Each structure stands twice: as C-alpha cells, then as structure tokens.
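Subject: Structure for you to look at

Hello,

Here is the structure you were expecting. Please open it next to this message, and my notes follow below.

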Amino acid sequence: MSDELKRGLEGVLVAESELSHIDGDAGELVYRGYAIEDLAPDASYEEVVYLLWHGELPTREELDEFSEKMSKERELDDGVLAEIRELAEADEVPMAALRTVVSSLSAYDEDADHEDVTDLEANVRKGRRITAKIPTALAAFNRLRNGEDVVSPRQDLGHAANFLYMLNGEEPDEVLADTFDMALVLHADHGLNASTFSAMVTASTLSDMHSAVTSAVGTLAGSLHGGANANVMSMLKEIDDSDKDPKKWVQDALEGGRRVPGFGHRVYNVKDPRAVILGEKSEELGEAAGDMKWYDYSVAIEEYIGEEKGLAPNVDFYSASTYYQMGIPVDIYTPIFAMSRVGGWVAHVIEQYEDNRLIRPRARYVGDEDRTFAPVDER
Ligand SMILES: CC(=O)SCCNC(=O)CCNC(=O)[C@H](O)C(C)(C)COP(=O)(O)OP(=O)(O)OC[C@H]1O[C@@H](n2cnc3c(N)ncnc32)[C@H](O)[C@@H]1OP(=O)(O)O
Ligand SMILES: O=C([O-])CC(=O)C(=O)O
C-alpha cells in the first residue's frame with residue numbers, strides 16, 4: 001500500500017475508460033476516437049449521446065429511432081411538475097432545484113425498481129428518460145419562477161431547439177438552435193471530471209442511476225466546476241458596471257486574492273479546445289448583434305491572465321458570453337451544463353457497472369491519538 005499523498009487525486013489513474021480522451025498539453029479532446037473539432041459543427045447532441053452510450057456514431061436510421069425514443073420521454077409526470085412549481089415558488093437556486101427534480105424522477109420511472117441496478121438495457125432507458133426530462137424540468141422551472149405558463153415539449157424539434165422553444169415560448173431560429181446544440185455537444189463528456197467521478201463513486205456502491213446522476217448534479221454545482229460559467233458572466237457584468245478597464249479590473253481582483261472564473265484546469269495546460277470553439281461563437285454572435293462588448297472584455301481578460309498568470313481559458317469562459325448573447329438567463333448556465341453532461345454521466349455509470357469495483361480511497365490520519373475518554377458529565 002503506497003503512502004504517497006495525492007491531494008485532490010491529481011494525476012491518479014483510477015479506471016480505464018473508452019469514452020473520452022484529453023491531451024492536456026496538446027489541448028485535444030476526443031469522444032470515442034472522434035475529435036471535438038469534427039463533432040462540434042456537424043454532429044447533433046443526440047448523435048453524440050448515441051456515440052457515448054453505444055460506442056459508434058449512429059446511422060441515419062439508428063439516429064432517427066434514438067431521437068424519437070428520446071423525444072417521447074420529454075413530458076414530465078404531474079407529480080414532478082407540481083414539485084417544480086413548489087421549488088419555483090420557494091425561489092430555489094436552479095441547480096438545487098435540478099438536483100431535487102432528478103432525484104424525484106425515479107419515483108415515476110418504471111425501471112427504478114429493476115432488481116438489477118447494473119442491467120444495461122434498463123440503465124439506457126433510465127438514462128434516456130433523465131436526459132430527455134432535464135430540459136423540460138429546467139425550462140418549466142424558469143418559466144414558473146418568472147410567473148409564466150409552462151410550455152409543453154414538442155416531439156418534432158431536436159433536443160437543443162426544443163429546449164429553447166420551451167424556455168422562450170417560441171421556436172428558435174436556426175443560428176440559435178445550432179449554436180446551442182453545439183454547446184451541448186462540447187459539454188457532453190470530459191473524462192473523470194469531479195461530477196462524473198462523483199456519479200461513478202455512487203454507482204460503485206451498486207446504488208442506482210438516479211442516485212448517481214443526482215450526486216453528479218450536486219457536484220457540478222460548485223464554483224470550481226460547472227458553477228464557474230455563471231460566475232464568468234457575473235464577472236463580465238461587474239466589469240461593465242465598474243467602468244474599469246477589464247485588465248485593470250482583473251488585476252485588482254487577483255491582487256485581492258480572487259480567483260478568476262473560467263481560467264485554469266486540472267488537466268489542460270493550454271487553452272481548452274472547447275474554449276477555442278466557443279470563443280469563435282461568442283465573436284460571431286457579437287458581430288451579428290453589432291455589439292462586441294462581451295467578446296472584447298473576454299479577449300482582454302484572456303490576454304491579461306495569460307501574460308500575468310500563465311493560465312488559459314477553460315470551457316466555462318466563452319460559454320458565458322455565448323449564452324448571454326443568446327438571451328439565456330445567467331443562473332441557468334450551470335443547469336444547462338448539467339443538461340449536456342448528463343449524457344456523459346450516464347455513459348460513465350454504465351461503464352462503471354460493466355466492470356465494477358467499489359471506489360474507496362483512504363486518508364492519512366493526522367488527528368489526535370491515545371486520548372482518554374471521559375463520560376459526558378465528567379468533561
Ligand atoms: C468545467 C470545469 O469544471 S472547468 C473548471 C471551472 N472552474 C473555474 O473556472 C474556477 C477557476 N479555476 C480554478 O479554481 C482552478 O483552475 C481549478 C479548480 C479549475 C483547477 O484547480 P487545480 O488543478 O487544483 O489547481 P490549483 O487550484 O492548485 O491552482 C494552481 C495555481 O494556479 C492558480 N490558479 C488556478 N486557477 C486560477 C484562477 N482561475 N484564477 C487565479 N489563479 C488561479 C492557483 O492560485 C494556484 O496558484 P498557487 O500555486 O500560486 O497557489
Ligand atoms: O474535466 C474537468 O476537470 C472539468 C470538466 O468537467 C470539464 O472541463 O468539462
């Protein structure tokens with residue numbers, strides 16, 4: 001047994017996976033052998049989820065069947081909708097609302113009581129229902145908290161377009177739908193990131209898919225992980241309100257001991273390849289709107305942090321200005337991340353079940369020793 005301490009499990013290999021490969025020095029991300037740069041512009045989110053869950057890109061026929069099965073699962077049960085209404089009335093934080101809803105979905109899932117939690121077919125069905133229902137739940141939550149009526153899902157729209165339709169009450173144009181679909185593709189999987197690992201730890205105890213995904217949502221919420229995308233936009237807005245030059249603002253923030261959201265990564269030592277693609281999208285949206293402010297602030301910050309700290313943007317940095325220019329509310333950026341990453345979580349949980357071993361590291365004990373116990377009234 002090695003006594004070498006690896007804080008944060010940095011660099012520790014704990015599993016073999018066929019799902020995604022990251023080369024942190026070259027800035028490369030590959031899903032099952034396909035480069036993210038090839039998938040992002042041309043593959044839909046449904047295609048990528050099929051790839052992650054089934055190992056191959058689907059044929060047209062396979063994709064149609066997969067998409068149809070998924071779109072049929074979009075509706076929420078009345079019990080779940082009632083719960084979402086209550087969460088919206090209680091002004092729950094969106095990621096907490098999503099965590100609660102994902103957990104509740106098992107009450108209405110006909111496979112939830114399956115005698116074998118590792119059963120592949122049942123887990124694909126559960127994964128499909130969770131993946132299909134998260135967008136409906138999120139859009140309903142957002143509308144209800146704004147005092148608007150819930151918009152029911154449509155089966156004739158793709159995963160990305162249907163979400164924007166339910167969120168805004170109108171069908172998105174092609175640019176919006178394609179941009180959003182691409183963002184979903186870019187966020188779908190990323191090795192053993194913290195939320196995925198959390199799902200794997202839960203699954204490794206032979207707990208079920210809903211529990212694993214619920215663990216993952218809770219883990220994604222934190223500001224060091226998925227929560228950073230909303231924090232990036234809050235920072236850009238703070239800079240705008242301050243009337244300070246973005247570089248000066250960031251300099252002051254760093255001197256004040258703040259971390260700059262959207263920068264740094266446990267695996268990438270160079271610019272995240274998804275940030276390259278999202279940066280281009282952010283620029284395009286700015287040009288189309290005739291307002292480059294958010295993109296320009298972002299570029300100025302990227303230059304400054306690169307020069308001063310040698311840190312590069314991660315996926316959360318340019319997704320922020322991209323979503324903002326698409327009119328998406330800032331506090332649902334992280335739930336949107338979950339809406340995509342669920343495809344990866346489900347794939348990793350399935351992979352974990354296929355070759356399961358309980359995940360259980362250990363800590364070096366540095367606490368007190370040999371203390372003498374005294375009953376409570378004698379202390
Ligand atoms: C989808 C995702 O989860 S991507 C990541 C999203 N999170 C963020 O954007 C939050 C900001 N970034 C961070 O906090 C970190 O870069 C993390 C959490 C992503 C990675 O952290 P780790 O691999 O543990 O690196 P660690 O926290 O040890 O940082 C290494 C050094 O870089 C500095 N650093 C890292 N990121 C940042 C940052 N964003 N701003 C300022 N300094 C930073 C740290 O202060 C540290 O410096 P030090 O050694 O002088 O103390
Ligand atoms: O991989 C990580 O550590 C963080 C993550 O989820 C991502 O970058 O998509």
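Which atom of ligand 2 does a polar side-chain atom of Arg274 lie 2.7 Å from? The partner is an oxygen atom of ligand 2. Please keep in mind that this is a predicted model, and that the distances and areas here are computed from it.

Ligand 2

Arg274 has company around this ligand. The residues around ligand 2 are His190, Asn193, His225, His265, Arg274 and Arg341. By class, that shell holds no nonpolar residues, 4 polar ones and 2 charged ones. His190 places a side-chain N or O atom 2.7 Å from an oxygen atom of ligand 2. Arg341 likewise has an N or O atom in its side chain 2.7 Å from an oxygen atom of the ligand. On its own, ligand 2 exposes 260 Å², and the protein buries 86% of that. As for its location, ligand 2 sits in the largest pocket.

Ligand 1

The space taken by ligand 1 is the largest pocket. There are 19 residues around ligand 1, of which His225, Arg259, Val260, Gly262 and Arg266 come nearest. His225 is also listed among the residues around ligand 2. Sorted by class, the shell of ligand 1 has 9 nonpolar, 6 polar and 4 charged residues.

Three polar contacts of ligand 1 are worth finding on the screen:

- His225: a polar side-chain atom lies 2.7 Å from an oxygen atom of ligand 1.
- Arg259: an N or O atom of the side chain is 2.7 Å from an oxygen atom of ligand 1.
- Phe263: here a backbone N or O atom lies 2.8 Å from a nitrogen atom of ligand 1.

Taken alone, ligand 1 has 910 Å² of accessible area, and the protein covers 66% of this.

The sheet

Away from the ligands, I also looked at a sheet. Strands of a sheet pair through backbone hydrogen bonds, either parallel or antiparallel. Which kind of pairing is found in the open sheet of 3 strands with the order β1-β2-β3? The pairing there is antiparallel. Its edge strands are β1 (20–23) and β3 (34–35), each of which pairs on one side only. Strand β2, residues 28–31, is joined to β3 by 2 bridges, and these two strands run antiparallel. To find one of the bridges, start at Tyr31: its bridge partner in β3 is Tyr34.

Regards

Note on methods:
Residues numbered from 1 in each chain as written. Chains lettered and ligands numbered in written order. Predicted model: local features only at pLDDT ≥ 70, side-chain atom pairs only at ≥ 80, totals over all residues. Heavy atoms only, no water. Near = heavy atom within 4 Å. Polar contact = N/O pair within 3.5 Å; in protein donor to acceptor, adjacent residues only side chain to side chain. Areas by Shrake-Rupley, 256 points an atom, 1.4 Å probe, with all protein chains shown as cover. 1 Å grid on protein atoms, 1.4 Å probe; cavity = no way out; pocket = protein on both sides within 12 Å on 5 of 7 lines; lining within 4 Å. Sits in = over half its atoms within 2 Å of the grid points. Nonpolar A, V, L, I, M, F, W, Y, C, P; charged D, E, K, R; others polar. Pairing = 2+ DSSP bridges. Helix = DSSP H or I, 4+ residues; strand = E, 2+ residues; numbered from the N terminus.
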